[in-house]
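Here's a quick tour of one long chain, starting with a helix and what packs around it. Have the structure open as you read.

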Amino acid sequence: MHWFTAVFLAALGFTALLQLWLSQRHIRHVVANRNAVPAEFSASIPLAAHQKAADYTAARTRLGALETLAAAALLLGLTLGGVLQFLSDAWERIFEAGGYVHGIALIVSVALISSVIDLPFALYRTFVIEARFGFNRTSLALFFADLAKQAALGALLLVPLLFCFLWLMTRMGAMWWVYAWATWVAFSLVVQFLYPTVFVRWFNKFSPLEDASLRSRIEGLLTKCGFRSRGLFVMDGSKRSSHGNAYFTGFGVAKRIVLFDTLVSRLDPPEIEAVLAHELGHFSLRHVWKRMGLAFGASLAILWLLGWLIGREWFYTALGVHTQGTAMALVLFFMIAPVFTFPLHPLASLYSRRHEFEADAYAARQADARDLVRALVKLYEDNASTLTPDPLHSAFYDSHPPAASRIARLQMQQT
Ligand SMILES: [Zn+2]
């Protein structure tokens, strides 16, 4: 066996077992704490809601474990199982070997296969788990319409990008990865701008916030925070799910504040103000830009690595492929990369949780921390988010700090 085959198999096995172990720990921890609401929430969250959150978390985590197994099997099948080589050979009978169309056909067919494998999981999650816990509001027709729109949007954005990448890889010599990186940065910025202003309208409807008293309250907060927006909107999130959220979109002149209708109907105006102050905190502290800067730095390193691997014969043969080329290198690299980067997840999650604490502290300064605590408790209860995650699982996956530590900090920040 080639040494890189052994490294790949070891990394795949390690990551898959680590993910399964974390899932098991999480389920065990949540179930063990199922019969008692943590003391700090005993006055605000009923036992039945706490138990619902435990069952919901366990159901989702179990499905996630099955998805881990399916993804590992798919990756093995595509690489060492010979499916990638088979696809490449099949497309060669129709298109010029190694040409752009052949490359795009290869990558699109891999994307289609993995979407088909994801589909039963997505259906089960939405129509069985979400439905069982009373969150699902989407219909099969809407689900498939969304899927078709997502596929169209993906094709519209990614096929031209892919073509650009393959062209640069072919034409720009050894330093192609620098040009590819610049293209990627420009593409990400354009999508960041277009997504909230244009594409999101394909999926949801936005209406101006009607409630005059809530609007003037929010406008007061915006003035206080020195924030100028292009409008306050309510989005029909309830069309698909009863989970609630508030977000901001866009940057520069395109800034819009969007509240999910589910959030507006569930929270009181002071609580909405506090949640929005938290979101304004992310903006004011430049969290989006910091994250993007970090992602751009990481992508430069990643593309450099791909630039190095693309010329090594063993990179292909050790992964079960003998056709070498730009498209094959791209698809192999981006398929196997997550297997190697998963152990770095806790760092990314830690960074994100630090931003959440910072945004909470900002909200406590600009609004009332007690309102934010009340809003968080309602959102935890409504979304059936567990109050008792396994600490190690949380360290790997949670972009937001556990409820108890968030609320404890906010209570210290009350003035
Ligand atoms: Zn946040």
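## Helix H5 and its surroundings

On H5, the buried residues (under 20% relative accessible area, 1.4 Å probe, protein chains only) are Leu 142, Phe 143, Asp 146, Leu 153, Leu 161, Leu 162, Phe 165, Leu 166, Leu 168 and Met 169. Their cover includes helices H4 (100-132), H6 (176-197), H10 (287-309) and H12 (326-341); contact here means heavy atoms within 4.5 Å. Helices are DSSP runs of H or I, at least four residues, numbered from the N terminus.

This is a predicted model, where local features need pLDDT of at least 70, side-chain atom pairs count only at pLDDT 80 or more, and totals for chains, interfaces and linings use all residues. Residues are numbered from 1 along each chain as its sequence is written, and side-chain values use heavy atoms, with hydrogens and water left out.

## A kink and a turn

H5 has a kink of about 25° at Leu 158, shortly before Pro 160; the bend is the angle between axes fitted to the seven residues ending there and the seven starting there. Just after H5, Gly 173 has a positive phi of about 70°.

## Salt bridges

There are 14 salt bridges, each a Lys or Arg side-chain nitrogen within 4 Å of an Asp or Glu carboxyl oxygen. One of them joins Arg 125 to Glu 67, with the closest N and O atoms 3.0 Å apart. Arg 125 sits in H4 and Glu 67 in H2 (residues 47-78), so this pair ties together parts 58 residues apart in sequence.

Asp 268, Glu 271, Asp 371, Arg 374 and Lys 378 form a salt-bridge network.

Note on methods: Helix = DSSP H or I, 4+ residues; strand = E, 2+ residues; numbered from the N terminus. Buried < 20%, exposed > 50% of the residue type's maximum accessible area, 1.4 Å probe, protein only.
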